[in-house]
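Colleague: Could you walk me through this model, slowly enough for a first-year student?

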Amino acid sequence: MKLFLDSADAKEIREYADCGLVDGVTTNPSLAAKTGRDYVELLEEIAGFLPAGSVSAEVLATDFDGMMTQGRRFGKIGKNIAVKVPLTMDGLKACRKLRDEGLDVNVTLCFSAVQAMMAAKAGATFISPFIGRVDDIGEDGMGLVRDIRAIYDNYGFTTQILAASIRSVSHVRESALAGADVATLPVSIFKSLLNHPLTDKGLAAFLADAKKAGVEIRGT
Ligand code: G3P
């Protein structure tokens, strides 16, 4: 499963970009607004950290022509950019056209399995179901991922399921079990994936035993 960081904070992304576990980054206008920085400059910096990864850059336009202009602008940043468009008719038209022009596209704000089917028909590279926000309205976010997986497998759609709006480590585990191709995580959750009290306890015991017995590792 690929793991993306859901962040527009260049400092925190740089900190994790070279650990070999980050496959990409997703940004959105709300995350970018928090930085107070120029969005294109910010994306150029982030895309530079992960030349072999995928960096999602979300359009602000809601009409086809505007999305095309902004998507093409983002595309000039680098081959690792995925243009993020909303799941609307204009968004899916732009998705098809941008894909025809060779750009990756992430269709965002997906809340139903049929929306995901339509995005796949438009040739989306990624579909982003918002797990946490589906849970927020009392529906089953993970059930949505399972439904999309089944539909995509039924018809051989190659669009990658990118589980977004992830709020917990359990969401990551369940997304992986449900067959999501990617999960995009806030850095706080990314770090928590490694945590287990028995790992800390076991490591402390190994080191204490070695120290007590005077075990050393010689040579280079
Ligand atoms: O990737 C989408 C994400 O940024 C939205 O998360 O927690 O605001 O629903 P959230």
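Modeller: What follows goes through the barrel, one of its strands, and a patch on the surface.

Modeller: This is a predicted model, in which local features need pLDDT of at least 70 and side-chain atom pairs count only at pLDDT 80 or more, while totals for chains, interfaces and linings use all residues. Residues are numbered from 1 along each chain as its sequence is written, and side-chain values use heavy atoms, leaving out hydrogens and water.

Colleague: How many strands does the closed barrel have?

Modeller: The closed barrel has 8 strands, running from β1 through to β8 with parallel pairing, where strands are DSSP runs of E with at least two residues, numbered from the N terminus, and two of them pair if DSSP finds at least two bridges between them.

Colleague: And how many bridges join β3 to β4?

Modeller: There are 4 bridges between β3 and β4, which run parallel, and Ser-56 has Ala-82 in β4 as its bridge partner.

Colleague: How many residues of β4 are buried?

Modeller: In β4, 6 of its 6 residues are buried, meaning under 20% relative accessible area (exposed is over 50%, partly exposed in between, with a 1.4 Å probe and protein chains only). Ile-81, Val-83 and Val-85 are on one side, with Ala-82, Lys-84 and Pro-86 on the other.

Colleague: Why do they split like that?

Modeller: In a regular strand the side chains alternate between the two faces of the sheet.

Colleague: Changing topic, is Leu-207 buried or exposed?

Modeller: Leu-207 is exposed, because its relative accessible area is 54%, and Leu-207 lies in helix α11, residues 197-213, a helix being a DSSP run of H or I with at least four residues.
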